[in-house]
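Trainee: I have a new structure to look at and could use a hand reading it. Can we go through it together?

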Amino acid sequence: MQPTIAIPQHWGYPRFALDQRTQQGLILGLYHYPSGTELAEQFDTGWRYVLMPNKNSDEISYLQENQIQPLSPEELFSQIRAEIDFYQQQINILNRQLTVLTRGTNNG
């Protein structure tokens, strides 16, 4: 069963999705300031996003929709390809370690 999130119709739909990669980082969360609330009067109504600019840092930022830029298809492809290459290298290292380990147990 797929997890779902219900959004009240009068809120409007968010422009960006959870786990989406953007120019500003990876979207980790989102929240909404509905009109007529104190927060909306102070900070404006609409969606806010929690982003992690760098996955190797504990830094996060909070941005409005108009402060976020999506990645171009080419940028997204490049990021994903680089991540695949990184993990493929990690898999190769682990495979070599397994090979050394199994050779050692066969010789014993």
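**Salt bridges and strands**

Mentor: Start in helix α2, where Arg81 and Asp85 both lie, four residues apart, or about one turn of the helix. Keep in mind that this is a predicted model.

Trainee: What do the side chains of Arg81 and Asp85 do?

Mentor: They meet in a salt bridge, at 3.2 Å from N to O. Side chains of opposite charge can pair when their charged atoms come close.

Trainee: Is Arg81 buried or exposed? And what about Asp85?

Mentor: Arg81 counts as partly exposed, with 39% relative accessibility. Asp85 is partly exposed too, at 37%.

Trainee: How many salt bridges does the structure hold?

Mentor: Three. One of them joins the side chains of Arg21 and Glu83, at 2.7 Å from N to O. That pair links distant parts of the chain: Arg21 is in strand β1 (residues 21-22) and Glu83 is in helix α2 (residues 73-107), 62 residues apart.

Trainee: Which other side chain meets Glu83 in a salt bridge?

Mentor: Lys55, at 3.9 Å from N to O. This pair also links distant parts of the chain, with Glu83 in helix α2 and Lys55 in the loop between β3 (46-52) and β4 (61-64), 28 residues apart. Arg21, Lys55 and Glu83 are therefore linked in a network of salt bridges, each bridge being a side-chain nitrogen within 4 Å of a carboxyl oxygen.

Trainee: How accessible are the residues of that network?

Mentor: Lys55 is exposed, with a relative accessible area of 51%. Arg21 is partly exposed at 25%, and Glu83 is partly exposed at 25%.

Trainee: New topic, the sheet. What is the order of its strands?

Mentor: It is an open sheet of four strands in the order β1-β2-β3-β4, with antiparallel pairing. β1 and β4 stand at the edges with a single partner strand each, so one side of each has no neighbour in the sheet.

Trainee: How many bridges join β1 to β2?

Mentor: Two, and the strands run antiparallel. Thr22 has Gly25 in β2 as its bridge partner.

Trainee: And how many join β3 to β4?

Mentor: Four, and these strands run antiparallel as well. Tyr49, for example, stands opposite Leu63 in β4.

Trainee: Which way do the side chains along β4 point?

Mentor: They alternate: Ser61 and Leu63 point to one face and are buried, while Tyr62 and Gln64 point to the other and are not. In a regular strand the side chains alternate between the two faces of the sheet.

Trainee: Ser61 is on the buried face, then. What is its relative accessible area?

Mentor: Ser61 has 19%. Buried means under 20%, so Ser61 falls within that class.

Trainee: What is Ser61 in contact with, leaving aside neighbours within four places in sequence?

Mentor: Tyr49, Val50, Leu51 and Pro53.

Trainee: Back to Tyr62. Which residues make the nonpolar surface patch?

Mentor: Tyr62 is one of them, along with Leu28 and Ile60, and the patch covers about 290 Å². Leu28 lies in strand β2 (residues 25-33) and counts as partly exposed, at 43% relative accessibility.

Trainee: So what should I hold on to about β4?

Mentor: β4 is an edge strand of the sheet. Its Ser61 and Leu63 are buried on one face, and Tyr62 and Gln64 point to the other. Tyr62 also belongs to the nonpolar patch with Leu28 and Ile60.

Key: Residues numbered from 1 in each chain as written. Predicted model: local features only at pLDDT ≥ 70, side-chain atom pairs only at ≥ 80, totals over all residues. Heavy atoms only, no water. Buried < 20%, exposed > 50% of the residue type's maximum accessible area, 1.4 Å probe, protein only. Contact = heavy atoms within 4.5 Å. Patch = residues over 30% accessible without salt bridge, like charges linked within 9 Å, V, L, I, M, F, W, Y side chains within 5 Å. Areas by Shrake-Rupley, 256 points an atom, 1.4 Å probe, with all protein chains shown as cover. Pairing = 2+ DSSP bridges.
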